Amino acid sequence: MHKPYMRIPYTEALAAPTVFPESATTLRGAVAALQEFLTAPGPSARSSSTSRASTAVLTGAGISVASGLADYRGSKGTYRVNKSYRPIYYHEFLQNHEARKRYWARSFLGWTTLHGMPNAGHFAVKRLGESGLVQSVITQNVDSFHPKAHPDLPTIELHGYLRSCACTSCHQELPRDVFQNELARLNPAWAAFLQEILASGALDTEDPDDRRARGMKTNPDGDVDLPDAPYTTFRYPACPSCLTSPPTVGDCSRSTVEIDADGAWNPTSTAGILKPAVVMFGESIRGPVKAAAEHAIDSADRLLVLGTSLATYSAWRLAKQAKDRGLPIAIVNLGGVRGDDALSVDLGPSQGGRGGARIEMSTDELLPALVEQLRQSSNFGAVRESHDHAAEEHGASVFKDMMS
Ligand SMILES: [Zn+2]
C-alpha cells in the first residue's frame with residue numbers, strides 16, 4: 001500500500017497571489033471579507049438556524065512568525081536560511097548512531113531558542129473556537145502554540161510536536177525538557193559551551209556570518225563547530241521505559257538496551273532509541289492523526305487556511321480534499337501558495353468573501369481585528385460573552401514584553 005511519506009517541501013518560488021475580493025487589500029476590507037466568509041450560512045443541510053456552519057482552520061509557520069520563530073520559507077516563498085542545510089531522514093536517524101549524535105548535538109544547542117509564547121493570532125483562533133465559528137484546528141507547526149493558546153479547542157498536530165521525544169521501540173513519550181537535562185548531564189563540555197554561546201547572543205540569529213561575528217565558530221555549511229568536542233563524542237540517553245523492560249521484537253525474542261556507566265545509550269543496544277515526537281522527512285504521518293485531519297475536513301462546511309504556503313504534501317492534500325468537496329476556502333498568507341489558482345478558481349470577482357477569499361496579510365494583524373469586528377457585530381452571540389479573557393491578555397502582554 002502506498003504510504004505518503006513526509007517529503008522535502010516544494011521549493012520553487014511561488015507566484016504572487018491575486019487578492020480577492022478586491023476590497024481585501026486593506027485591513028478593513030480583509031476583515032469584512034473574512035466576516036462574510038465565516039458567518040455566511042453553510043452550504044449543507046447540517047447548518048440550521050440554530051447551529052452555525054462549521055469552519056476548519058489549517059495553519060502553518062506563518063502564524064508563529066510573530067512569536068519570534070523563523071518562518072520556514074521566506075516571504076517570497078523560497079528558502080532563505082542556510083541553503084546547504086539538509087535535514088536528517090527518518091531511516092538515517094533510525095539506522096545510524098553517528099547521525100543521531102550529530103542530530104542531538106545540534107538539537108541540544110538549538111532547543112533553548114525554540115521557546116516562545118502563542119501570539120495574538122493564536123488567541124484570535126481561540127476566540128473563534130469559543131464563538132462556535134471554528135470547530136477544528138489542524139496545524140503543521142510543531143511549536144505547541146495552538147494547544148497552549150486554546151486547550152479547549154482541540155488541535156490536530158499534523159507533523160507532531162517538539163515538546164516531547166518518542167521512543168522508536170515502545171512509542172512512550174518523554175518531555176523534551178527532561179531529555180534536554182539528560183543531554184546536559186551526559187555532555188558537560190557541550191553544556192558549558194551552550195552557556196557560553198547563549199551569553200554571546202550568537203544563537204539569536206540563524207545567519208552563519210552573524211554567528212561568527214559573535215564569536216561562535218561554524219563550519220561552511222553553518223554547523224556549529226565545538227573545538228575539542230566533535231559530534232562523535234556526543235552522548236544521548238536511552239528510553240527509560242525500554243531500559244527497565246526491553247521490548248520483545250518481531251520474532252518474540254527480547255531486545256537488548258544497554259547503557260554506559262553514565263546512562264548513555266550504547267550502540268550494542270537493539271532498542272530504546274528516542275526521537276523527537278515530530279514527523280521526520282521520510283517518515284509517514286501516523287494513521288490516527290491523518291484520519292483525524294481528514295475527518296475534520298470532511299465534517300467542515302468551509303476551510304480557513306492561515307499562514308502556510310501549503311508547500312508540504314500533507315497540507316496541500318487537505319486543502320485539495322476541501323476543494324474537491326466543494327467547500328469555500330479562504331487563504332490568509334504572506335506570499336504565494338501552492339495551487340493558489342486551482343484553489344480559487346470558479347469565484348466571481350464580485351462575491352464579497354462568502355465563496356472564498358485570498359488575503360495577503362499577517363495573521364497576527366488581521367485575526368484580532370476580525371475577532372473585534374465579529375464581537376461588535378454580535379456574531380459571537382451571548383454564549384461566551386461573559387468569558388474571562390484575562391489569561392490571554394496576560395499572554396499577549398508577556399509577548400509584548402518579550403518583543404520590546
Ligand atoms: Zn522505549
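## Exercises on a predicted model

C170 touches C239, S241, C242 and P247, leaving aside residues up to four places away in sequence. Touching, or contact, means C-beta atoms, placed from the backbone, within 7 Å.

This is a predicted model, where local features need pLDDT of at least 70 and side-chain atom pairs count only at pLDDT 80 or more, while totals for chains, interfaces and linings use all residues. Residues are numbered from 1 along each chain as its sequence is written.

### Exercise 1: the annotated cysteines

Find where C170 lies and whether it is buried, partly exposed or exposed. Then do the same for C252.

Solution.
- Step 1. Start with the record: UniProt, in an unreviewed entry, places the feature "binding site" at C167, C170, C239 and C252. UniProt positions follow the numbering used here, feature names are shortened, and annotations may be inferred rather than shown by experiment.
- Step 2. Locate C170: the loop between β4 and β5 holds it. Helices (H or I, at least four residues) and strands (E, at least two) are DSSP runs, numbered from the N terminus.
- Step 3. Apply the cut-offs: buried means 20 or more other C-beta atoms within 10 Å of a residue's own, exposed means 12 or fewer, and partly exposed is in between, with C-beta atoms placed from the backbone.
- Step 4. C170 counts as partly exposed because it has 16 C-beta neighbours inside 10 Å.
- Step 5. C252 sits in the loop between α9 (240–244) and β6 (274–278). It has 6 C-beta neighbours inside 10 Å, so C252 counts as exposed.

### Exercise 2: the sheet

Work out the strand order of the open three-stranded sheet, and which strands stand at its edges.

Solution.
- Step 1. The order is β5-β4-β6, with antiparallel pairing. Strands pair if DSSP finds at least two bridges between them.
- Step 2. β5 and β6 are the edge strands; each has a single partner strand, so one side of each lacks a neighbour in the sheet.
- Step 3. On average, neighbouring strands of this sheet are turned by 45° against each other, direction ignored. Axes are lines fitted to C-alpha atoms, for helices over the stretch in contact, and angles run from 0 to 180 degrees between N-to-C directions.
- Step 4. Antiparallel β4 and β5 are joined by three bridges. C165 stands opposite L174 in β5.
- Step 5. Add helix α6 (residues 176–186): it packs on the sheet and touches β4, β5 and β6. Its direction makes about 75° with that of β5.

### Exercise 3: backbone exceptions

Locate a cis peptide bond and two residues other than glycine with positive phi.

Solution.
- Step 1. Recall the rule: most residues other than glycine have a negative phi, and most peptide bonds are trans.
- Step 2. F20 and P21 are joined by a cis peptide bond, with omega about -5°. P21 is in the segment before α1 (27–39).
- Step 3. S144 has phi near 65°. It lies in the loop between β2 (134–139) and α5 (145–149).
- Step 4. H171 has phi near 70°. Its loop runs between β4 (160–167) and β5 (173–175). H171 counts as exposed, because it has 12 C-beta neighbours inside 10 Å.

### Exercise 4: confidence

Where is confidence lowest, and where is it highest?

Solution.
- Step 1. pLDDT is the predictor's confidence in each residue, from 0 to 100. The chain averages 83, and 78% of the residues score at least 70.
- Step 2. Confidence is lowest in helix α14 (residues 390–403), at a mean of 37, and highest in strand β3 (residues 155–157), at 98.
- Step 3. Over residues 382–404, pLDDT stays under 50.

Conventions
Two residues are in contact if their C-beta atoms, placed from the backbone, lie within 7 Å.
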